[in-house]
Amino acid sequence: MKKSEKEIAEEVATLSHELRSPLTSIAGFVDGILDGTIPEKDYMHYLRIVSAEVKRLTEITSKMLDNSKIELLDAPVSVQKFPLNESVIRIFCTFEKIIEGKNITVEGLSGDNPVTVTGDLGLITQALYNLIENAVKYTNVNGCISVSFSSENGFSVFSIRNTGAGISDDEKEKIFSKFYRSESAKKNQPDGTGLGLSITKAVVNLHNGTIYADGIPDGFAEFTVRLPS
Ligand SMILES: Nc1ncnc2c1ncn2[C@@H]1O[C@H](COP(=O)(O)OP(=O)(O)O)[C@@H](O)[C@H]1O
Ligand SMILES: [Mg+2]
């Protein structure tokens with residue numbers, strides 16, 4: 001079946017978003033080393049993150065090639081069981097510099113209450129990445145991000161809450177639509193595609209999980225994800 005121009009444009013936008021997130025952190029850390037903002041004693045730490053992100057880029061691009069249709073979310077799910085807390089901690093590490101720069105406090109990252117997820121590691125990493133990227137991006141300076149992990153009835157529950165502009169009642173569903181961005185997001189964070197949450201939701205649905213948003217305007221935003229343990 002031939003795709004419409006609109007479908008193709010949407011796929012290209014989705015893919016650019018996928019590729020841009022690892023590229024942004026690689027560029028940031030490499031530039032930090034070259035321009036001296038990262039001290040020599042920290043080189044190894046950041047090079048390890050760069051290496052992990054390059055690996056992720058490779059996985060994304062090989063998935064694209066495998067799938068000549070270029071439809072990420074039609075990709076067959078290669079299922080494995082992995083520790084969720086560790087994945088979340090690893091993703092937070094890629095945002096370390098921005099978190100420090102905005103003086104954000106992060107709570108709940110300790111390894112207490114470890115939970116597992118059974119699913120496609122690459123896709124779930126992308127889904128979590130989009131949520132954590134948003135939390136870091138939309139938290140106010142001197143604000144706070146809290147995460148928590150729990151399990152219930154064969155599902156692992158991850159929730160992530162951040163202070164800042166928050167989310168209003170009428171936006172709690174809309175934000176999951178492709179290309180939707182709130183007025184305050186467009187004004188204060190002009191670089192964004194409105195695709196991250198739609199990708200996250202599609203990945204969660206593909207795993208028969210659930211995701212919902214909660215929040216209060218000028219208060220907080222909170223996302224709760226349930227995925228099979
Ligand atoms: N943590 C958050 N705090 C406040 N608003 C958020 C948060 N995460 C998402 N949003 C809102 O949902 C919209 C859609 O998010 P997303 O799909 O990731 O796209 P983008 O981040 O590119 O705008 C954002 O533009 C913003 O209005
Ligand atoms: Mg986003």
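**Figure 1. Accessible surface and charged side chains of the predicted model.** The accessible surface of the chain in this predicted model amounts to about 12100 Å². Carbon and sulfur atoms account for 57% of that surface. The chain carries 24 positive and 31 negative side chains, and the centres of these two sets are 2 Å apart. Of the 229 residues, 43% count as buried.

**Figure 2. Overall fold of the chain.** The secondary structure consists of 7 helices and 7 strands, arranged along the sequence in the pattern α-α-β-α-α-β-β-α-β-β-α-α-β-β. The radius of gyration is 17 Å, close to the 17 Å given by the globule rule for 229 residues, so the chain is as compact as a globular protein of that length. Along the principal axes, the C-alpha atoms fill a box of roughly 55 × 40 × 40 Å. Among contacts between residues at least 6 apart in sequence, 75% link residues at least 24 apart.

**Figure 3. The two faces of strand β6.** Strand β6 spans residues 210-216, and its side chains alternate between two faces. Ile211, Ala213 and Gly215 point to one face and are buried. Thr210, Tyr212, Asp214 and Ile216 point to the other face and are not buried.

**Figure 4. The hairpin of strands β6 and β7.** Strand β7 comprises residues 220-228 and pairs with β6 in the antiparallel sense over 7 bridges. Within this pairing, isoleucine 211 stands opposite valine 225 of β7; isoleucine 211 is also one of the buried residues of β6. The two strands form a hairpin with 3 residues between them. In the turn, aspartate 218 has a positive phi of about 55 degrees.

Conventions: Residues are numbered from 1 along each chain as its sequence is written. Chains are lettered from A and ligands numbered from 1 in the order in which they are written. This is a predicted model: local features need pLDDT of at least 70, side-chain atom pairs count only at pLDDT 80 or more; totals for chains, interfaces and linings use all residues. Side-chain values use heavy atoms; hydrogens and water are left out. Helices (H or I, at least four residues) and strands (E, at least two) are DSSP runs, numbered from the N terminus. The radius of gyration is taken over C-alpha atoms; the globule rule is 2.2 Å times the number of residues to the power 0.38. Buried means under 20% relative accessible area, exposed over 50%, partly exposed in between (1.4 Å probe, protein chains only). Contact means heavy atoms within 4.5 Å. Accessible areas come from the Shrake-Rupley method with a 1.4 Å probe; for residues, only the protein chains shown count as cover. Lys and Arg count as positive and Asp and Glu as negative; His and the chain ends are not counted. The place of a charge is taken as NZ of Lys, CZ of Arg, CG of Asp or CD of Glu. Two strands pair if DSSP finds at least two bridges between them.
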